[in-house]
Every structure is written in C-alpha cells, then in structure tokens.
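Biologist: Before we begin, could you show me the sequence together with the model, please?

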Amino acid sequence: MSLARAALAVLFIGASAGSHAAFRCDSNGSVTYTDTACPGGKPLPESDLRQPATMQSDLRAAQQRADADKRQLGALAASRSKTERAEQKQRNHARTIASNHRKKCDALALQSKWAREDAAAATNRSAEKTRRKSQRLEQKYALDCQV
C-alpha cells in the first residue's frame, strides 16, 4: 500500500508541476491563455507570464496616460472654443461693417436723388449751383458705393 501512495504522490507532484506552465491557445482568431494544454497551444516563455505587481504598475501607467489624454482633450476643446468665439466675433464685425456701408450708400443715393430734383426745379440764378451740387453727390455716391 505504501507503494501505491508513493506512486500517487509522484503523480500529483508531476501534475502540479505541469499546471504552472502557460499555454497560448488560438481558436478562430481568438487568443486565450490557459494553464492546460490545448490543441495547437504554444507554451509561453516564463518572461511572458506577468506577476500581479507588474499588472498593477501597467494599470497605473495606463491610468496616467488616460489622465494626460483627458487633460490634453480639455485643452484642445478650450482652444477650439476660443477660436470659434474669435471667428464669430470677426463675422459679426464684418456684418456690422457691411450693414453700415449699405446704410451710407442708401443715404447717399437718396441725397443724390433729392439734389437732381432740386436741380430740375431750380431757377436761373441758383440752377448752376444746384446742378454742381447734384453732380458732386452723384460722383460721391459712385465712388463710395462703386456703382
């Protein structure tokens, strides 16, 4: 009976020694790692077996990279927002300038019209002065409003 116990002990020792080996199994493109052999499984070298401390340091490093990425993303978003505000300010300014220019041209067109009407209705003495005024307003309107 002691021989049977000894054989059983050797069997358990051999089985436990084999259970520490790691196998890489690839089935249908999915890679899994196991401590039991699989069909087509390849044993990994000891250097590929990570210890929990290594995993913790990798986790901390990944968290630090994620935090740095979040900070960078926040800075980029703030920069984009600032640029968009500046562009909107420029568009508003350009709109204001265009609106003011339109108003000025409308006012000049109206003054020119009135001056033509005055020149047509002018008497002998003031007719020449009114025609000159009308011509000058027409020229100013053409120059400022590029018509």
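The questions and answers below go from the overall fold to the salt bridges.

Biologist: In what pattern do the helices and strands follow one another along the sequence?

Modeller: Please keep in mind that this is a predicted model. The protein has three helices and three strands, and when they are read along the sequence, the pattern is α-β-β-β-α-α.

Biologist: What percentage of the residues in the protein is buried?

Modeller: A residue counts as buried when its relative accessible area is under 20%. In this protein of 147 residues, the share of buried residues is 10%.

Biologist: How much of the area that the protein exposes do carbon and sulfur atoms supply?

Modeller: The protein exposes about 12,400 Å². Of that area, the part supplied by carbon and sulfur atoms is 56%.

Biologist: How many salt bridges does a search of the whole structure find, and how far apart in the helix are Glu-84 and Arg-80?

Modeller: Searching the whole structure gives five salt bridges, and one of them joins the side chains of Glu-84 and Arg-80 at 3.8 Å, N to O. Both residues belong to helix α2, which covers residues 52-121, and because they are four residues apart there, their separation is about one helical turn.

Biologist: Is Arg-80 buried or exposed?

Modeller: Its partner Glu-84 has 45% relative accessibility and counts as partly exposed. A residue has to be over 50% to count as exposed, and Arg-80 is at 54% relative accessibility, so Arg-80 counts as exposed.

Biologist: Which helices hold the two residues of the salt bridge between Arg-116 and Glu-138?

Modeller: The side chains of Arg-116 and Glu-138 meet in a salt bridge at 2.0 Å, N to O. The two residues are 22 residues apart in sequence, and the pair ties together two parts of the protein, because Arg-116 lies in helix α2 and Glu-138 in helix α3. Arg-116, at 42% relative accessibility, counts as partly exposed, and Glu-138, at 29%, also counts as partly exposed. The helices asked for are therefore α2 and α3.

Biologist: Which residue is linked with Lys-140 and Asp-144 in a network of salt bridges?

Modeller: The side chains of Lys-140 and Asp-144 form a salt bridge at 3.3 Å, N to O, and both residues lie in helix α3, four residues apart, which is about one turn of the helix. Lys-140 has 41% relative accessibility and counts as partly exposed, while Asp-144, at 21%, counts as partly exposed too. The network of salt bridges that links these two residues also includes Lys-104.

Terms used
Residues numbered from 1 in each chain as written. Predicted model: local features only at pLDDT ≥ 70, side-chain atom pairs only at ≥ 80, totals over all residues. Heavy atoms only, no water. Buried < 20%, exposed > 50% of the residue type's maximum accessible area, 1.4 Å probe, protein only. Areas by Shrake-Rupley, 256 points an atom, 1.4 Å probe, with all protein chains shown as cover. Salt bridge = Lys/Arg side-chain N within 4 Å of Asp/Glu carboxyl O.
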